[in-house]
Amino acid sequence: MRITQLLTENTIILDLKARSKQEVLDELAGQLDLAGKLHDKKQFTKDILAREEQSTTGIGDTIAIPHAKSEAVKTPAIAFGRSFEGIDFESLDGQPAQLFFMIAATAGANDDHLEALSRLATFLMDEKFRVNILEAESNQQVLDIVSAKEAEVEGPEQPEATPVAGISAAGGKILAVTACPTGIAHTYMAAEKLNGRAKERGINLKVETNGSSGVKNRLTDAEIAEADAIIVAADTKVEMARFDGKHVIQTQVGKAIYEADQLLDRALAQDAPVYKHDRTKDADADTETKSGFYKHLMNGVSNMLPFVVGGGILIALSFFFGINAADPNSPEYNEFAAMLSTIGGGTAFFLMVPVLAGFIAMSIADRPGFAPGMIGGLLAITVTGVEEASGGSGFLGGLIAGFLAGYVTLLVKKVFSGIPQSLEGLKPVLFYPVFSILITGVIMMLINPPLTLVYTGISAFLEGLGGTNLVLVGLLLGGMMAVDMGGPVNKAAYTFGIAMLDAQNFNFMATVMAAGMVPPLGLAIATTMFKKKFTKPEREAGKTAYVLGASFITEGVIPFAAADPARVIPSAIAGAATTGALVMLFDIGLRAPHGGVFVIGLVDGGLISILMYLIAILAGSFVTAILVGLLKKNITVAA
């Protein structure tokens, strides 16, 4: 796609009336709106301002390129405005801007649009091109200048403008990565400026661009191994683990545009610290890379938790007024208890499964997946086809609906990827939601009755367990809560507890919460009982672990497990499994899905059950503490 298909006569203002940054943005957005390029001018302006808050798009050398990808854009377009006097745009060089290119990209812009937008960004690095634009006398002349530049670049000289390796080296091999939040303009301008200056100076440089159309010119492992230094000019997250052990300059993407020579000088002199990658920060990211299923599931669970926790605790609080206090036909009826029950159970808990499904689908298919996911989740809990199964297929149906909606939406997006450019703006507002919701809804209507039978059957089976079987389930769930301290196994056990909470079986929630408190509490007690087994920093961490454990934050044990996994993890599993088994043996239920000791008053059964619950937690904690004390050796160095 050519730039002149995006920049047209009716999107050009050769003499801006604006005298401030805000007025420039309003005037250019208004021109796009007049040209029929926007669905909603107000929303688009809001999205443009949100991008400006991340970092200024006044890149210096009289240029500003405000830009945004927005659902408010009907058709991808470029608006151009010129001010001879210059306007303060908070540019990187502190000088007024005269040339303003506003880039409006649709949220689902295809690669052709993005290539054209990035091409314009690189053109503006050419001083002659900028001067010609500044001196143009008509809208058509502006278009002619752009067309001429495109023709020039598309000729034999084009490879020289492409960021590639192999420039004759005058001192070392330098690599660079450029990335901006929207990946439209700054990414490519920074790459062009670095490449241009490197070529003029005979520096061997290769630049990887992380733009909206994906990663281009990706750095290989061999190139990274041979590099003397790496420049990372980015205002958004880039893959850093690969640069471990190399001299890395980390800076803003705008610096690469305005201070390219200084960055190249620093890279040549290796004037940068050796990057040490902290893999603990990327533990979740690494797990998600290995397991897309886990990533999508956790996106749904994490966004659902506020509904579960808030709703669950409000429901539990309503029982303080009596078991039947929310029932208007009961002598125990209390109006405030009924309000709590309606807010918690009637609303927050009702939305729990649809929200789970919606965010799973959104993780898979981005924003277009959210609506069909929500609808699929809602159908899962309302369309049953089974008598006395008012909750439908519950969590099971919600999980299936989320993944179904996500992949159906991906299919719909692929089917409509080839529609004419004139219909591009209809995809996110018409084609995607209509067909994704239709297909997801029909499938859920067909499969949810049998899913409901399966779900109610599983719930009935678990509720029918008793004695030894129930204790064994508690043993298993408890041990799972301590295996990876907040990782996938821990989350699987906790998610199961929430599912059973939704099915009105409260023993499982009580089990996973109690067991999840044990690992940090057990290590905290161990640091108190066996001081000679721990260093001074570990003993200090033990004080914090008391609070974290009491708050049901299992991750509080991670510092100890990381330092001595072979002894700490088995001890934590043994203690948590003991607590899980005891909670099931004591037949304790808990309606609150989080909160630790702060919600212990909500345990079903009154004071006796609360005391038994505390005994179960303390028993498991001391099992962990004693095992750690027996397995660990005394510290032989000064603490």
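A residue counts as buried when its relative accessible area is under 20%, exposed when over 50%, and partly exposed in between. Keep that handy for the views below, which all come from a predicted model.

**View 1. Phe534 meets Phe560, both buried.** Start with Phe560: its relative accessible area is 3%, so Phe560 is buried. Phe534, at 2%, counts as buried too. Their rings form an edge-to-face pair, with 6.3 Å from centre to centre and 90 degrees between the planes. The pair links distant parts of the chain: Phe534 is in the loop between helix H19 (507-529) and helix H20 (536-550), while Phe560 belongs to helix H21 (residues 558-563), 26 residues apart.

**View 2. Phe321 pairs with Phe336.** This is another of the nine aromatic pairs in the structure. Here the ring centres are 6.0 Å apart and the planes sit at 75 degrees; over 60 counts as edge-to-face, so that's what we call this pair. Phe321 lies in the loop between helix H12 (292-318) and helix H13 (335-365), and Phe336 is in helix H13, so the pair ties together parts that are 15 residues apart in sequence. How accessible is Phe321? Its relative accessible area is 37%, making Phe321 partly exposed. Phe336 counts as partly exposed as well, at 46% relative accessibility.

**View 3. Phe416, Phe431 and Phe435 form a cluster.** What joins these three residues? Ring pairs do the linking.

**View 4. Lys21 sits over Phe89.** Now look for a charge instead of a second ring: the charged end of Lys21 is placed over the ring of Phe89, 4.9 Å from the ring's centre.

Note on methods. Residues are numbered from 1 along each chain as its sequence is written. This is a predicted model: local features need pLDDT of at least 70, side-chain atom pairs count only at pLDDT 80 or more; totals for chains, interfaces and linings use all residues. Side-chain values use heavy atoms; hydrogens and water are left out. Rings of Phe, Tyr and Trp (its six-membered ring) pair if their centres lie within 6.5 Å; planes under 30 degrees apart count as stacked, over 60 as edge-to-face and the rest as tilted. Helices (H or I, at least four residues) and strands (E, at least two) are DSSP runs, numbered from the N terminus. Buried means under 20% relative accessible area, exposed over 50%, partly exposed in between (1.4 Å probe, protein chains only). A charge sits over a ring if NZ of Lys or CZ of Arg is within 6 Å of the ring centre and within 35 degrees of the ring normal.
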